[in-house]
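I wanted to go through this model element by element and note what I found. These are my entries, in the order I looked things up.

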Amino acid sequence: MSQARKDDSTLWLAGNEATALGAYEAGVKFASGYPGTPSTEILENLSRYDGVYTEWAPNEKVALEAAIGACFTGTRSLATMKHVGLNVAADPLFTASYTGVHGGLVIIVADDPSMHSSQNEQDSRQYARAAKLPMLEPSDPAEARNFLKTAFEISEKFDTPVLVRTCTRVAHVKGVAGPAQAPYTPEEEPDIYRDPAKLVMLPANARKRRVEVEKRQKDLAGYGESFSENNIEIGDSRIGIIAAGTSYLYAREAFPEASFLKLGFIYPLPEKTIREFASQVETLYIVEDLDPFLEEQIKAMGIPCHGKDVIPAIGELTTGTVRKAISGSHRESPFKEGVELPMRPPNMCAGCPHRGLFYNLARLKVFVSGDIGCYTLGYLPPLSAMDSCVCMGASVGVAHGMAKSLGEKGLGKSVAVLGDSTFVHTGLSGLINTVYNTSYATVIILDNRITAMTGHQANPASGSTIKGEPANAMDFETICRAVGVKHVRTINPHEIEEGYQVLKEEIERPEPSVVITRYPCVLIPEEKKRPKKPYMTVIDNCTGCTMCLRLGCPAISWVPVSPEQAVEMGKKEKQKGYALIDQDMCVGCGQCVELCKFEAISRKEEV
Amino acid sequence: MKEKGNIHFCGVGGQGILLASELCAYGLLAAGFDAKKSEVHGMAQRGGSVEAHLRYSKDKVYSPLIEEGTVDVMVGLEMMEPLRYLHLLGENSTVVVSRQQIPPPAVATGKTTYPLHCLDALRERGIKTIEVDALAIAREIGNIRTANVALTGAMSCLLPVEEEVFLEVIETRFPAKIQEVNREAFQKGREAFRLEEDK
């Protein structure tokens, strides 16, 4: 926790830190989630507060179910996830809407407009409407913190789970927030509270609860009318803007003089307040990123307004896009014409164990059904060894479907590739299907012992909890055999030739098989601390064949030389350069050593 | 640049952009400004281009993102990176840039060469560009990880915040072990900026 200024107690917090603080102050005692950018740091930060139980669940569905269970005992409970995670958790979400809560239950969903770190751009606000649940949307860290407290009050007052929607520009924005406060203490201790007619959702009970849900919707809409975070600011009455979240910030910045209805409570909508605001302005604009969520509902009220006819539906809004959309004028950069620069995409780290596997998959020319994680970078050149990537755990099912569809024609031509955390998340059920319905799809589990992409969160195979305490480490070999895979082999992905042989054998096998490539991520603390024995280029031996460059390792770069320089160096005149290893970056994984046929890569002490 | 401003940090994942922007933000907060900072986490950090937007004002800051053409100071931790964000720069922008070059994949694999004209490209457009050899300063001090703080020191000359305020931020917020090197890096960065500006 960070104090913003020396002379007062205000705080400087990232949205996710502020959200965690808000949850702590709201008296949350149970929180479960699955890592996913931009939501991850909420739970990480919350895990540092005393007296709050936090956990990483194998997936979002389990996280939400656990939070539902905790709230049934009267405990204020939280589930956190990114937008696509809410798809996984949608099943319990829709029925928890019927059961209601005992202690408060809040689900935070972090959207990622512009897909900074996501595979799609879905608008999670639609879930509020579909599941008939109230939703709050903060615009910055200070609000995120306050809204968490309000969300728990609403949850308990209206007997409902509450959704809080954030996005990348709330989660990963830092801002000033008020001083820390003492956490809320509930009046009752956690206990078993039996209420089967409310909690057992068999049809007879569910039909009764269904009526309650509709009644609650009306009550919530009424509550929204007097909700303190739905604010009308009347300025110039010619332009009226209704907005929530970061869209409000961009609109406010672009049109400081305009009139605003800033919504904090975005579902169900406060119709009276909206009508009152609309009647005070000449032209009404609904400024929102992604879907016309507010716009469609406001139009359904019979209120004329502009929305997606001018506001872009794709990508996150900015001050500039809102200004241009509404006024037609644009503060253009005098330097609009960019200069062409070499791209700088993200890359696997120097010494990343995944690299060796993807190098081999490229050699094997198989169709690689990929998945979500750092290893999705295997798609990029020079490895270029990924052919599809849909969602968490999809690789296994996709490869099975391809195998069944292609029959003998496809044998030896496709694999599924997914990480340890992704396998646990939803990959295992895919593998069960592969075995049960017998296909030859080979599943490769890239086991680097950690959920790396989101910043190294422990998972059920890591052997530790969110707090770093020891935990059971799931045994992949045993579980694969237990679901019926007869051929399970484990390799070290840094050993390229040996790995190639194993992969070739298993891929060609006409029955289910699993290859586990096991080596820890170079960025986990134990690996970082391990003394490094970097390799170096023996420049005299390098012929410039570029074999090692095919790995795409950031520690190896090409040094061009002129024909004269080549001769001067004692090389053939036609040699165009040599590969140079950056010893500060090299961690000594040795993948390139295996590829070099000219003994041009060696350890210092070996030269 | 007094009551409000927009600062853009850019570079390559792993160069310490978050720390540089954080040091800058704490200095502005200590001087009584409101501020918002937008960062990018996740996938982009794996050796890719990374940026942070920092906006400050005596009044409330709304948007966490800098609008096109309105950057006051751009801080480039890697030499070519400011050019990638040209659209954010305006006629009155100042670019404070490190001479450090990190070859992107296409350069590292010999498919293309490093765009050595990148600083000329800024100057040709009339953009005030101050070069600082931040890595050399960091090497001289004996800790190459302080290059980001050296460059922050350099750019701090353009902010309405006294040097003392930043030094106090380093003293109160950096781990004890690395306070001294970072203080030195910050001050050397400021000196380098002044020398370069006088040229």
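**Helix H14 and its surroundings**

I started at the residue just after helix H14 of chain A, where A:Gly328 takes a positive phi of about 80 degrees. I kept in mind throughout that this is a predicted model.

I then checked H14(A) itself, residues 319–327, and found the helix mostly covered, with 7 of its 9 residues buried. I listed the buried ones as A:Thr319, A:Gly320, A:Thr321, A:Val322, A:Arg323, A:Ala325 and A:Ile326. I looked for what lies over them, and the cover includes H11 and S13 of chain A.

**The sheet with S13**

S13 led me to an open sheet of 4 strands in chain A, ordered S9-S11-S10-S13, with mixed pairing. I noted the edge strands as S9 (231–233) and S13 (283–287) of chain A, each of which pairs on one side only. Neighbouring strands here are turned by 15 degrees against each other on average, direction ignored.

Inside this sheet I looked at S10 (residues 236–244) and S11 (residues 258–263) of chain A, which pair in the parallel sense over 6 bridges. I took one pair down by name: A:Ala243 has A:Lys262 in S11(A) as its bridge partner. Helix H11 (residues 245–254) of chain A packs on the sheet and touches S10, S11 and S13 of chain A. I recorded its direction as about 150 degrees from that of S10(A).

**Strand S7**

Next I asked how many residues of strand S7 (residues 162–167) of chain A are buried. The count is 6 of 6, so S7(A) is largely enclosed by the rest of the structure. I sorted the side chains by direction: A:Val162, A:Val164 and A:Thr166 point one way, A:Leu163, A:Arg165 and A:Cys167 the other way, and all are buried. That fits what I expect, as side chains in a regular strand alternate between the two faces of the sheet.

I looked up the partners of S7(A) as well. Strand S5 (residues 105–111) of chain A runs parallel to S7(A) and is joined to it by 6 bridges, and A:Val109 is paired with A:Arg165. Strand S6 (residues 135–136) of chain A also runs parallel to S7(A), with 2 bridges, and A:Leu136 stands opposite A:Val164.

**Helices H15 and H19**

I compared the axes of H15 (residues 354–364) and H19 (residues 496–508) of chain A, which come within 10 Å and cross at roughly 55 degrees. That makes H15(A) oblique to H19(A). The crossing is right-handed.

From H15(A), the contact is made by A:Gly356, A:Leu357, A:Tyr359, A:Asn360, A:Arg363 and A:Leu364. From H19(A), I wrote down A:Ile496, A:Gly499, A:Tyr500, A:Leu503, A:Lys504 and A:Ile507. By class, the residues of this contact are 7 nonpolar, 3 polar and 2 charged.

**Chain B against chain A**

Last, I turned to the contact between the chains, which takes 48 residues from chain B and 50 residues from chain A. On the chain B side, the elements giving two or more residues are helix H1 (17–30), strand S2 (34–39), helix H2 (81–84), strand S5 (89–98) and helix H3 (105–108). S2(B) gives the most, with 6 residues. I noted the classes on the side of chain B that touches chain A as 24 nonpolar, 14 polar and 10 charged residues.

S2(B) also pairs across the chains: strand S8 (residues 173–177) of chain A is joined to S2(B) by 3 bridges, and the two run antiparallel. The bridge partner of A:Val173 in S2(B) is B:Ser38.

Terms used:
Residues numbered from 1 in each chain as written. Chains lettered and ligands numbered in written order. Predicted model: local features only at pLDDT ≥ 70, side-chain atom pairs only at ≥ 80, totals over all residues. Axes fitted to C-alpha atoms, helices over the stretch in contact; angles between N-to-C directions. Parallel < 35°, antiparallel > 145°, perpendicular 65-115°, else oblique. Left-handed = near helix turned anticlockwise from the far one by under 90°. Contact = placed C-beta atoms within 7 Å. Nonpolar A, V, L, I, M, F, W, Y, C, P; charged D, E, K, R; others polar. Buried ≥ 20, exposed ≤ 12 C-beta atoms within 10 Å, placed from the backbone. Pairing = 2+ DSSP bridges.
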